[in-house]
Amino acid sequence: MLLLLSERAFIRYADRIATAAPGIEFIRMQDDGDLVFGDRTIPWEDATPDIAWLTADFFNGGPVRKFFRLMLDTKPAWLQSSGAGTDHPVFQMLLDGGTRLTTSHVTGIPIAEFVVRAVLDHFQQASTWTAERREHRWQAHDFREIHGTTWLIVGLGNIGTEVAIRAKAFGATVVGVRRSPTGQEPVDECVSPAKLDALLPRADVVVLAAPGGTDTMHLLDEKKLALLRPRSVVVNVGRGSLVDEDALRVALDRGVPEVAILDVTDEEPPPKGSWLWDHPRVVLTPHSSAGGTGRYERAAQAFIDNLVRWTKDEPLAHEVVAGDS
């Protein structure tokens with residue numbers, strides 16, 4: 001069995017992978033896209049991996065385009081991604097070509113911590129303390145508490161669930177929105193998307209954690225933005241397409257919501273002249289809420305666990321069904 005992975009992943013995890021799947025062999029993709037097998041560089045046409053592991057380092061300055069091109073050329077039997085999203089067209093192309101695709105749900109923890117920190121920063125006006133310290137001023141100010149607020153979380157997958165757990169720990173009332181409520185969600189109330197309009201006026205904090213797609217395009221549009229209550233906060237850690245950015249600008253200028261915390265935008269990065277960069281009611285971060293370092297180990301363990309299943313011909317965890325990417 002021949003596994004394609006990055007050189008960095010090989011250095012960190014090869015021993016554990018080999019223990020989980022004795023006899024496995026490795027093709028290592030270098031940062032420049034070169035392929036190494038054993039102690040020699042091999043031409044692309046000689047690379048025929050059976051399986052592949054897409055790790056975060058491919059995206060963080062790595063050769064992700066070359067990785068995907070090799071995937072489309074070779075069509076491995078199985079590809080594991082270290083991310084949860086599959087809305088990029090290349091994933092559907094791989095599924096259509098017969099490659100089995102699995103994902104990793106390992107970023108809920110850092111994203112949830114990011115959301116709570118961002119809301120606390122706004123509620124407590126932490127920037128005011130920073131500015132006053134810079135001016136050597138000793139000035140106290142009151143601030144809003146999370147306790148007693150109502151949080152509306154749209155999308156209760158791994159990310160939304162982790163956000164809900166933390167918001168409830170602060171004493172918030174949490175309402176979740178998901179397509180098929182099970183009754184087991186860690187929220188005070190869980191409803192279907194059809195009831196979203198009735199919930200928006202109740203929410204102090206609206207967290208968008210739903211996947212992208214045609215059915216969630218501009219989920220928060222002009223009509224829904226008009227339903228928000230005064231002093232509400234919108235946090236988007238799902239996909240930029242969930243928010244109609246033109247309508248959001250009008251709403252922010254009107255004063256409701258009070259602030260939009262955006263870790264994702266429709267175009268990334270936004271164009272240099274975009275209003276998102278400078279609007280006083282926008283907190284903009286570069287799609288980095290998932291950046292907790294603990295995700296690397298969780299992703300490695302998820303891959304190794306699935307690799308063991310693969311060698312035993314058992315069902316794979318988090319497998320994507322063709323047509324659902």
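**View 1. Val207 and its partner across two paired strands.** Let's start with a single pair: Val207 has Val235, in strand 12, as its bridge partner. Their surroundings are two short runs, strand 11 (residues 205-208) and strand 12 (residues 233-236), which pair in the parallel sense over 4 bridges. Keep in mind throughout these views that the model is predicted.

**View 2. The parallel sheet and a helix that packs on it.** Stepping back from the valine pair, you will find an open sheet of 7 strands with parallel pairing, in the order 10-9-8-11-12-13-14. Its edges are strand 10 (189-191) and strand 14 (282-284), each pairing on one side only. On average, neighbouring strands here are turned by 15° against each other, direction ignored. Helix 6 (residues 158-169) packs on this sheet and touches strand 8 (150-154), strand 9 (173-177) and strand 11. The direction of helix 6 makes about 170° with that of strand 8.

**View 3. The mixed sheet and its antiparallel edge.** Another open sheet of 7 strands runs in the order 4-3-2-1-5-6-7, and its pairing is mixed. Strand 4 (40-42) and strand 7 (100-102) are the edge strands, each with pairing on one side only. Neighbouring strands of this sheet are turned by 25° against each other on average, direction ignored. At one edge, strand 3 (residues 35-37) joins strand 4 in the antiparallel sense over 3 bridges, and there Leu35 stands opposite Ile42.

**View 4. Two helices on the mixed sheet.** Helix 1 packs on the sheet by touching strand 1, strand 2 and strand 5, and its direction makes about 135° with that of strand 1. Helix 3 (residues 89-96) also packs on the sheet, touching strand 5, strand 6 (78-81) and strand 7. The direction of helix 3 makes about 155° with that of strand 6.

**View 5. A closer look at helix 1.** Helix 1 (residues 7-20) has 14 residues and reaches 19 Å from its first C-alpha to its last, close to the 20 Å expected. Where is the kink in helix 1 centred? Look at Tyr13: the kink there is about 70°. Tyr13 is also buried, as are Glu7, Ala9, Ala14 and Ile17. The cover over the buried residues of helix 1 includes strand 1 (2-6), strand 2 (25-29), strand 5 (51-54) and helix 10 (294-311).

**View 6. The whole chain, for orientation.** In total, the chain has 10 helices and 14 strands, and buried residues make up 47% of its 325 residues. Its C-alpha atoms fill a box of roughly 65 × 50 × 35 Å along the principal axes.

Terms used. Residues numbered from 1 in each chain as written. Predicted model: local features only at pLDDT ≥ 70, side-chain atom pairs only at ≥ 80, totals over all residues. Heavy atoms only, no water. Pairing = 2+ DSSP bridges. Axes fitted to C-alpha atoms, helices over the stretch in contact; angles between N-to-C directions. Contact = heavy atoms within 4.5 Å. Expected span 1.5 Å × (residues − 1). Bend = angle between axes of the 7 residues up to and from the residue. Buried < 20%, exposed > 50% of the residue type's maximum accessible area, 1.4 Å probe, protein only.
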